[in-house]
Amino acid sequence: MNAATTPKPASALPQTPASDVKKLGWRGVMKLVAKNGKVLVTNHKQPEAVILPVEEYNRILQLLIDAGEKDRAVVEQLRRKYDERLQWLDEPGAGDMLDSLFNKPLDLGGKIFTGDEF
């Protein structure tokens with residue numbers, strides 16, 4: 001991301017009061033958007049909305065979609081990895097093997113572990 005596309009918090013955007021929407025009209029507000037890229041609309045100095053070009057909205061939406069797809073791909077890769085590692089649990093005798101592991105005495109080397117230590 002270069003400096004021109006680095007996201008800015010709403011408070012750092014050029015601002016216009018909601019009354020300008022009436023005073024300047026929609027065309028006037030859109031001239032501000034064309035000039036500044038985005039405009040924060042305030043009401044009694046409180047942020048209410050950001051007006052941005054539809055191309056910018058679509059770009060942001062695509063970034064979110066791409067990020068979601070990347071996350072889904074990572075989760076799917078982890079799922080496959082752990083499914084492969086745990087596949088042996090479906091083998092005949094896997095339940096008996098687990099039972100035998102739990103039935104063996106645990107050698108703690110003569111120490112006693114309790115509470116948070118365990």
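Modeller: The model discussed here is predicted, and a helix in it is a DSSP run of H or I with at least four residues, numbered from the N terminus. Arg 79 and Glu 76 both lie in helix 2, three residues apart, which is about one turn of the helix.

Colleague: What makes the contact between the side chains of Arg 79 and Glu 76 a salt bridge?

Modeller: The N to O distance is 2.8 Å, and the cut-off for a side-chain nitrogen of Arg and a carboxyl oxygen of Glu is within 4 Å, so the pair qualifies as a salt bridge.

Colleague: Why is Arg 79 called partly exposed?

Modeller: Its relative accessible area is 45%, and partly exposed covers what lies between under 20% for buried and over 50% for exposed, so Arg 79 takes that middle label. Glu 76, with 30%, is partly exposed by the rule just given.

Colleague: How do you know whether Glu 56 is buried or exposed?

Modeller: Glu 56 has a relative accessible area of 18%, and buried means under 20%, so Glu 56 is buried. Its side chain meets that of Arg 59 in a salt bridge at 3.1 Å, N to O, and a network of salt bridges links Lys 38, Glu 56 and Arg 59.

Colleague: What makes Lys 23 exposed?

Modeller: Lys 23 has a relative accessible area of 65%, and exposed means over 50%, so the label follows. Asp 20, whose side chain meets that of Lys 23 in a salt bridge of 3.4 Å, N to O, is buried at 13%.

How values were computed:
Residues are numbered from 1 along each chain as its sequence is written. This is a predicted model: local features need pLDDT of at least 70, side-chain atom pairs count only at pLDDT 80 or more; totals for chains, interfaces and linings use all residues. Side-chain values use heavy atoms; hydrogens and water are left out. Buried means under 20% relative accessible area, exposed over 50%, partly exposed in between (1.4 Å probe, protein chains only). Helices (H or I, at least four residues) and strands (E, at least two) are DSSP runs, numbered from the N terminus.
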